Amino acid sequence: MAGTDEESLDDLPPSAKLVFKVLEYNGPLTQKGIVQESMLSARTVRYALERLENIGIVDEDVYFADARQNLYQLDGPKQAEADGGQTQERESPARQSQSQGSNGSGCDDGHEACCAE
């Protein structure tokens with residue numbers, strides 16, 4: 001990181017980018033949830049979260065269901081900057097198939113076989 005004072009998402013390691021994407025698609029998660037979704041080690045996720053918090057992309061809150069854990073979520077305005085201003089509402093692939101079906105017919109049963117032409 002020579003020559004710049006401020007780090008951005010592009011400067012982070014791939015593991016931090018993956019954690020960012022997991023939080024982007026799944027919403028707020030505990031560290032344990034991020035480990036399960038990303039299949040990264042707990043130590044790697046801790047490091048990635050620390051890096052994301054340092055640049056202000058991730059917020060850490062108390063997880064009220066279990067106060068021993070923290071809940072991590074993306075910070076709204078900083079998230080848009082991290083994506084280069086191209087952040088838009090995205091649906092997970094499962095939600096997309098439910099809302100549109102494989103042929104865009106609007107089938108909402110979640111099965112692609114019945115929606116195929």
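Contact means heavy atoms within 4.5 Å. Helices (H or I, at least four residues) and strands (E, at least two) are DSSP runs, numbered from the N terminus. The exercises below concern a predicted model, in which local features need pLDDT of at least 70, side-chain atom pairs count only at pLDDT 80 or more, and totals for chains, interfaces and linings use all residues. Residues are numbered from 1 along each chain as its sequence is written, and side-chain values use heavy atoms, with hydrogens and water left out.

**Exercise 1. The chain as a whole**

Task: Determine how many helices and strands the protein chain has, and in what order the elements run.

Solution.
Step 1. The secondary structure amounts to 5 helices and 3 strands.
Step 2. Read from the N terminus, the order of elements is α-β-α-α-β-β-α-α.
Step 3. Of the 117 residues in the protein chain, 29% are buried (under 20% relative accessible area with a 1.4 Å probe, protein chains only; exposed is over 50%, partly exposed in between).
Step 4. Among contacts between residues at least 6 apart in sequence, 40% join residues at least 24 apart.

**Exercise 2. The sheet**

Task: Establish the strand order of the sheet and the pairing of its strands.

Solution.
Step 1. Two strands pair if DSSP finds at least two bridges between them.
Step 2. Strand 1 (residues 29–30) and strand 3 (residues 70–74) run antiparallel and are joined by 2 bridges; Leu29 has Tyr72 of strand 3 as its bridge partner.
Step 3. Strand 2 (residues 58–62) is antiparallel to strand 3 as well, with 5 bridges between them, and Asp61 stands opposite Leu71 in strand 3.
Step 4. The result is an open sheet of 3 strands in the order 1-3-2, with antiparallel pairing.
Step 5. Strand 1 and strand 2 are the edge strands, each pairing on one side only.
Step 6. Helix 1 packs on this sheet and touches strand 1, strand 2 and strand 3; its direction makes about 90 degrees with that of strand 3.

**Exercise 3. Helix 1 against helix 3**

Task: Describe the packing of helix 1 and helix 3, and classify the residues that meet there.

Solution.
Step 1. Axes are lines fitted to C-alpha atoms, for helices over the stretch in contact, and angles run from 0 to 180 degrees between N-to-C directions.
Step 2. The two axes come within 9 Å and cross at roughly 80 degrees.
Step 3. Angles under 35 degrees count as roughly parallel, over 145 as roughly antiparallel, 65 to 115 as roughly perpendicular and the rest as oblique; helix 1 and helix 3 are therefore roughly perpendicular to each other.
Step 4. Ser15, Ala16, Val19, Phe20 and Leu23 of helix 1 meet Thr44, Val45, Ala48, Leu49 and Leu52 of helix 3.
Step 5. This contact has 8 nonpolar, 2 polar and no charged residues, where Ala, Val, Leu, Ile, Met, Phe, Trp, Tyr, Cys and Pro count as nonpolar, Asp, Glu, Lys and Arg as charged, and the others, Gly among them, as polar.
Step 6. Phe20 lies in helix 1 (residues 14–26) and is buried, with a relative accessible area of 1%. Phe20 and Ile57 are 37 residues apart in sequence, yet 8.4 Å apart in space, C-alpha to C-alpha.

**Exercise 4. Helix 2 against helix 3**

Task: Characterise the packing of helix 2 and helix 3 and name the residues that make the contact.

Solution.
Step 1. Helix 2 (residues 31–38) and helix 3 (residues 42–54) pack at an angle of about 115 degrees, their axes 9 Å apart.
Step 2. Helix 2 and helix 3 are therefore roughly perpendicular to each other.
Step 3. Gln31, Ile34, Val35 and Ser38 of helix 2 make the contact with Ala42, Val45, Arg46 and Leu49 of helix 3.
Step 4. By class, the residues of this contact divide into 5 nonpolar, 2 polar and 1 charged.

**Exercise 5. Ser38 and Met39**

Task: Decide whether Ser38 and Met39 are buried or exposed.

Solution.
Step 1. Ser38, in helix 2, counts as buried at 9% relative accessibility.
Step 2. Leaving aside neighbours within four places in sequence, Ser38 is in contact with Leu18, Val22 and Val45.
Step 3. Met39 is found in the loop between helix 2 and helix 3 and counts as exposed at 74% relative accessibility.
Step 4. Phi of Met39 is near 60 degrees, a positive value in a residue other than glycine. Most residues other than glycine have a negative phi.
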